[in-house]
Every structure is written in structure tokens, then in C-alpha cells.
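User: I would like a close look at one part of this model, namely the place where the two chains touch. Please explain it in connected prose suited to a first-year student.

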Protein chains: 2
Amino acid sequence: MSEQAVTAQSEDFSRWYNEIVYRADLAAPSPVRGCVIIKPYGYEIWEGIKAGLDRRFKATGHQNAYFPLFIPESYIKREAQHVEGFSPELAVVTHAGGKELEEPLVVRPTSETVIGEAFSDWIQSYRDLPLLINQWANVVRWELRTRPFLRTAEFLWQEGHTAHATHDEAEAETLQMLDIYAEFAIDDAAIPVIKGEKSRLERFAGALRTYTIEAMMRDKRALQSGTSHNLGQNFAKAFDIRYLTESNLQEYCWTTSWGLSTRMVGAVVMTHGDDKGLRLPPKLAPHQVVIVPITRRDDQLTAVMDTVERLDRELQAAGIRVHVDRREGQSPGFKFNDWEMRGVPVRMEIGPKDVENNNAVLARRDLPGRQGKQFVPQAGIVDVVTALLDEIQANLLDDAREFRDRNIHDVANYDELKQVVAEGAWARAWWGGSDEDELTVKDETGATIRCFPFDQPDQSGKCVLTEKAAERIALFAKAY
Amino acid sequence: MSEQAVTAQSEDFSRWYNEIVYRADLAAPSPVRGCVIIKPYGYEIWEGIKAGLDRRFKATGHQNAYFPLFIPESYIKREAQHVEGFSPELAVVTHAGGKELEEPLVVRPTSETVIGEAFSDWIQSYRDLPLLINQWANVVRWELRTRPFLRTAEFLWQEGHTAHATHDEAEAETLQMLDIYAEFAIDDAAIPVIKGEKSRLERFAGALRTYTIEAMMRDKRALQSGTSHNLGQNFAKAFDIRYLTESNLQEYCWTTSWGLSTRMVGAVVMTHGDDKGLRLPPKLAPHQVVIVPITRRDDQLTAVMDTVERLDRELQAAGIRVHVDRREGQSPGFKFNDWEMRGVPVRMEIGPKDVENNNAVLARRDLPGRQGKQFVPQAGIVDVVTALLDEIQANLLDDAREFRDRNIHDVANYDELKQVVAEGAWARAWWGGSDEDELTVKDETGATIRCFPFDQPDQSGKCVLTEKAAERIALFAKAY
């Protein structure tokens, strides 16, 4: 709420991010190492994300449930790769109710294990399949370097867990949920994510295949924004999730899991934000429209406020999220800057002249200055604002897509890859290397394979590092 | 889903409760001591509770936020009564990320402390007041004896936390939130709760005053179903929550907190359930209507299912939550019992005769057998079902209120109190005793003061125990 300008993105993107997150009141520092407080303005964005996803999950037959926060330590150890992946990050409860526990309890870093154990109880026969469960929950991963929303010791997320009779059904579910994530990201968050498969190195601990949606932030770094895992029969075998087939045979189930977290709030900030602050996509903005009443003399107040209240009511009645800035003792200029910083898509100004002429001034956050400003008649304001919000939503997506495409470069050899990555952009290259080769690229360039995008060329090519024959194109980038 | 009958309430209420909770798929046992898994059918009831409350919180200006799960151990100790109240129940994280922590972290049993610390940062001047925050979260209290929903080591709840400039504003907020709880309980959950104030002994650890809504279960035990606390300046002083007044003075804030938990699911079960199982109030029922198709021969299937699908669509379109029971290989009789056990308010039966005559059979869960059954024309089904759901909602409330009032007895002396309590009912009596006197009653009868109801007689009276002058009537009962 200070009038001091925000650090420019070009000057120090990381500092810009932290300033925006705190100054726009998305989050506040907390006394607990690596944790932040999600403040109302940030939490409302998360509520929008939740609503957008939950609706899609339910429409595809998933049901919400809730599993315990604590997991017996022995459970985590049952799936070999899983324990290796998560052990270093666990928070452990050793004492409770004034006593030392016989078996320490792990604070869930993810719930495959405890849900796997439950599924083995719940599933008896093919009639119980598919089992389609989702959980909205907090999880804890003790990370060393944390940043608000992007990586915190505790975060909020949803984790879907499903069990199926066959590999193909599990694979279809895994891909369906990735599609839902992508649809949500593109349609609601205006983030043009790229769908693809993770390399073996970047796979979820214990998965057969991991799919991902990858987004490009405004500093051109990649942000993994949601993942969907085909767990094969690994967890079914570790937790004895079996079913009786129609022909009376015992078979192991095929399971999936998929998650998207409060990290998405960070993705919204870093995809759309500019030097003035946030730019929120209308579908997720807590306030879609802010009305700033403008009066220079006290005798103008009643007339202006009458009009403001009436327009407020009209817009609200149409389901538009409106906020009237009634703060006293702050100049209109201060308020304009403040709401610009907070990324409200549309600002409406109402002054005495506007009351007189039955006009309103609308200013778009996505277009700067004069260009984004228009005078409109108050009559029919709902239609005008609705259309404007749609236009802003579409424009933010176009803008992000244009930025993304401008910063992905096809590279023909390793030198080009190094150069593109050194310039901060993404490199698209044929890849046929081993895990070790992938680590070499990471060590030498700082870039990882973000994914093998689903959108692949028809032919095959030559691996950018080993020059051996390669079947797939990969996207390389530095990532959060 | 077994066809075996449920234990009768009169036989063993506690066993009845556990059977219903598990057999109706509200919850499942978990491998973690004192924790249950909330299954989809139970979680959907909780989602209904959340929606009903969240809407009311937002309509009264509250905003959601999220604070860390972990609280530094030293925080808990800052408010003297608070630490005394919660210490025995804490779960403590001592290790994280492979190392022993310098300061152990407590898993939140409630968040007054960490939120108090945040409020002291966020609040500077009177302009920042009132600050009206709510959090939906999981909390952990390591209880010895646990029961699904009623008392579990981990549970889900909302906790409201607000800060105000004056005592009176804090008191008004505390009472407003109690009113919201009562309105929700009565209107949505059909539970005729009694609003009142807690005695000093039953107050929240660190509060000036605690208000409660108390409900009578079908075994006549009391269930505290939501509490609202005026915390005075206790937490403000412990966490230095101060504000600058308009005349530039530093003053401590007055804070409140209020919470309602998944315990409410248990309240719904135990207020309305009968020997056949659950009876869910329509406003919270995951399925308001279940349609059971009835066919005796395969050639009837298409015609019946066409009608079923059409009625399903019509009811859905009207916003009614309908479920079609498509299970194969189960008899209609099995399905009727199953949905009765699960408490679905309205069962619709569609058979070949109904298709022919354009009729439907509706059976109410709240009225037994023939009495609750009616034939209605398919035309206009939406209006009929809507009216029926309203009637059932009202009937469940009336039924519970009648049961409650029948089991609260005015008592004139201590012998009568003992007798009423021994019979399992509630005693209403004048009370002017001390904390020790209250403990005497508890030791000798097992009953506690549930509350001093807001609804008080005009005159004063004589304390039921000490026979000294008494200003207030209290409700005594055994409680969960």
C-alpha cells in the first residue's frame, strides 16, 4: 500500500516477485521457517482455483474425501522409490499427548501410502472400480530454499488418487486429469501451458509415467504447474490393492495420482504481472471491477455515491465481483496505483461530470494509460463490462502465448542449446540421451528437460547432445 | 452395505452410532491412532456444512485466509491459561528435513497464537479495524478416547479470528457469530440448538466469555456444537496486538475467536438417526432424492430407464441433488434398505406400471412405511419433490425440537436434578454456585453445566445446590 514504485521486472525479477506478493497482500511472512501466511487477497485467488478445478473433477465423476495428516513412518518406506524421493523432506512427529510415540508419525508430504492402504480395504471386486477420489489438503515438504507460493515447507493442494482395472484405463485417467489441468490453466488462469511427459529423472517417486503442464514465467523460467502420474501397479503391489475380476481372479489394480497446488497462485503472478504489479485474469480476480468515486468538493459526495452504489448493485446482480473503494483520506491517484498494483482487471471511475452526463470511465489493467481507457454510458453498463472482462481474459492469454512462443527456440546442436539457455529462453531439441546425458546438460547449462511435449513433429531426428537417433523432441529450460 | 440390521438405538446407542458411521460410508477407520478417514458420503455432508457457513461468514464481511499448520512451541506458552488448557493434547514435530529442530513445532490445536502474532503485524491503526478473518483448516488434539466425528486426534473445522477497537464491538461480533452458528444449525442441519453462555469452568482457555450452541442427541446426551469466544484483551496483550486510536493513543485490541468442526456431522447423525439408520436433512443430504428403477423382466428395462433418465434430468435441472441407483444384481428391497440406512430424504420408485400410468412412487425417509409413501403424477414432479423436501426439512426440525423439549425438566432441588440426570435427561435449574460447587455436581451426577441459556426467566431464584440466591438458570446434562 506504499506509494513507492515496485522494482522493475527487468531489474530484478526475483525481487519484483517478492515485493508484489507481499505488497499486493497475497501473502505475509510467518514466524515458521519456510511457511507463509496466505492473506485474504491471495486466498481468494486460491478459492477461485479450487472452484474451477473442483467443478471439473466432479463433472468427471470424482468424489472428495479426507485422509489423515499423519502417516506411520513405516508406510512411507513400503514403496522403495517413494521413500527415496521423499525421505529428505519429511517433518516427523515424535511426541504427542505428553509422551514419546512408539512409532513416529510423518506429516504427509503426499498421500499415496495412506490412501493406498485405504484402497486395499475398500476395493474388493471389479464392481468397486474405478475408484475416483480427490482430497483438498495441506502437505509438508521440508525444503531448504523456499519462496512464497512457489516452494514452501507447507502448502495447500489437491491430490487425486484413483484405482482401475487395467493399465489402459489408468493411462486414460492420467491423461484426462492432465487435460483438465491444462483446460483450467488456459481457460481460467489464462496461462498457455504446454502438456507433455516428464523424463525418467523428473518423474514422481514411484510412478510409471509422469505428465506435466509447464508454463513460462515472465523471466522465461519454466514453472511446473500441475502433474499427473500413472503409478502402474507399483503402489498396488506395495499396499496390496487387489480386486476380483469378473472371472474370479485376483488382480492388482492400476493406480494414478495427480496434484495441483497453491503454486498456481505464483504462476498467475509471474505469467501476467508487469512492472506496475499484478495483472489478474478476470476469472480468478477477487475483484473484477473496482469502482473509485471521485469528488473534489464535499457537496458532490452524495450524487457521486448514489451513482456508485447503483452501478455497484447492477454489476453485483449480474454476478460480477465488484468492490467500491470507499477509503477516505486517500487521493484518487493513490487508489488508481494501488489497484493497478493489485491487478484488478477493470477500474471504474465515477466523478461529478460522469454523474451529470450519465457516463462512467473504464480503465483496463491489461492496456496501459490512454489506450485502455474509455468513456461509456451508464445505461447498459453490465453488458459493456461483461464483454470487457472477456476481452481482458482473452488478451492476457494471447499476450502470454505470444511471449512464450517468442521465447522457445528450435536448436540444432548443443552449442545452440547452450546459447539459448544462457539467454534465459527455452530450447526445443531432439533428445535420445540417457539419464546421465540429461544430468550433463543440467550441470553444464542449468537447464532440465521440462517435458517431451505431446505436440511432436512427424519425423524423427538426431539427439542434440549425443547425435544418436532420437524419437522425441524435448523442451529444455531453467526452472523454478 | 450388508443386509444385516443395525443395532437398535435403545439397545446400545454408542454401538448404533459406530455402526451407522461406518456402514453408511460416512467414515472409515484409519491406521493412525484416533484418526478416521472421512469417506465421500461423509465429506459431502461436511461440504454442505462448509458452504452454508462460508456463505454466511462472507455475507457478514469475513474473509478467508490460511495460517501455518506449525506453531513454534514458545508461542503456545505466551498466554498462561491457553498453554494450561492445550499442553496435554499437543502433537510435536521435533525432526524435519533429516535434522533435529532447534525449537520444536507444535501441530496447531487452534490458531489464536500464530494468528495473534500476525494480527500484531497487520494492525496499525483504527483504520485497520475491525479485522475479520476466518480459516478452514485441520487441527490436532491428542485425545485419549476418540470417536468418529465427535472426537478425533485430527479434525477439520473453521476458526474465525477477529480484532476490534472496543470491548462492545468484540462482544457484538462474538454474539453475531453464535447467531450464525445457531441459524445454520436450525435452518440447514435441522438441529434445534440452544444458545447460551458457558460457565467459567467450561470456558475456552484464555477467553473472557465463551458462548455455545448445545444440541440434544437421541440418547439425550448434550453435544456442544459450536462455540464463540470473547477473548477480551488477553491475547492482544500476550501478542501485542495494538492500534493507534483516532486521537493518536496506543490501545490494545479486543479479539474474538469462534469455531465449528466436523463434529457437526456427528451431530446430524445423532440428532436425526433412527433404528434404520441415518435420516439426513435435505439441505445437507448428498443425495436428496434417489431413484430406484424397478424391472422384473429384461424387456421392461428400456422403458423404465428412459423415464428414470428423464426424471433425473428434470430434477437435476431444478437444482435437486438426485442419484439414480443403477446397481445391477441387487434387488429393489436391498436398495430400499440401503438408502434408508444412508438417510436419503426421498426415494423415488419407477416401475413398468408407473411408466404406463405416468406416475412415480415417492417414499419419505422421515415417515415410516405406508405413511410416508405416495403416488404422484410425473408431470409437475419438480414442484412436488421441492415441496416434499421442504416438508421433510421442517419435520426433522420439529421432531428434534419436540424430543428435546420433552427431555428438559425444570428441577426445584438437588435431588430432582440428580434424578433427572440419572434418567439421562437434561435438568434446568437455578444456579449460583462456585466452580467447586459445579465440580461437586459433576462428580456426583456426571452432568456438567452445558450453558446458561440466553432465554432466561424474568425473576431470580434459589441455587439448586447451595440454595443461595441465584441470578441465572443453567442447563445440566451429561455430554459428549
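Analyst: The account below begins with the contact between the chains and then turns to a pair of helices within each chain.

The model is predicted. Where the chains touch, 41 residues of chain A are in contact with 40 residues of chain B. Within chain A, the largest share of this side is supplied by strand β5 (residues 91-96), which contributes six residues. Sorted by class, the side of chain A that touches chain B consists of 27 nonpolar, eight polar and six charged residues.

The strand β5(A) also pairs across the chains. Five bridges connect β5(A) with strand β5 (residues 91-96) of chain B, and the two strands run antiparallel. One position illustrates the pairing: A:Ala91 lies opposite B:Ala96 in β5(B).

A helix pair within each chain may be considered next. In chain A, helix α2 (residues 40-59) packs against helix α8 (residues 263-272) at an angle of about 105 degrees, and their axes are 9 Å apart. Because angles of 65 to 115 degrees count as roughly perpendicular, α2(A) is roughly perpendicular to α8(A). From α2(A), A:Gly42, A:Ile45, A:Trp46 and A:Ile49 meet A:Met264, A:Val265 and A:Val268 of α8(A). This contact has six nonpolar residues, one polar residue and no charged residues.

In chain B, helix α2 (residues 40-59) and helix α8 (residues 263-272) pack at an angle of about 105 degrees, with axes 9 Å apart. The helices α2(B) and α8(B) are therefore roughly perpendicular to each other. Here B:Gly42, B:Ile45, B:Trp46 and B:Ile49 in α2(B) meet B:Met264, B:Val265 and B:Val268 in α8(B).

How values were computed:
Residues are numbered from 1 along each chain as its sequence is written. Chains are lettered from A and ligands numbered from 1 in the order in which they are written. This is a predicted model: local features need pLDDT of at least 70, side-chain atom pairs count only at pLDDT 80 or more; totals for chains, interfaces and linings use all residues. Two residues are in contact if their C-beta atoms, placed from the backbone, lie within 7 Å. Helices (H or I, at least four residues) and strands (E, at least two) are DSSP runs, numbered from the N terminus. Ala, Val, Leu, Ile, Met, Phe, Trp, Tyr, Cys and Pro count as nonpolar, Asp, Glu, Lys and Arg as charged, and the others, Gly among them, as polar. Two strands pair if DSSP finds at least two bridges between them. Axes are lines fitted to C-alpha atoms, for helices over the stretch in contact, and angles run from 0 to 180 degrees between N-to-C directions. Angles under 35 degrees count as roughly parallel, over 145 as roughly antiparallel, 65 to 115 as roughly perpendicular and the rest as oblique.
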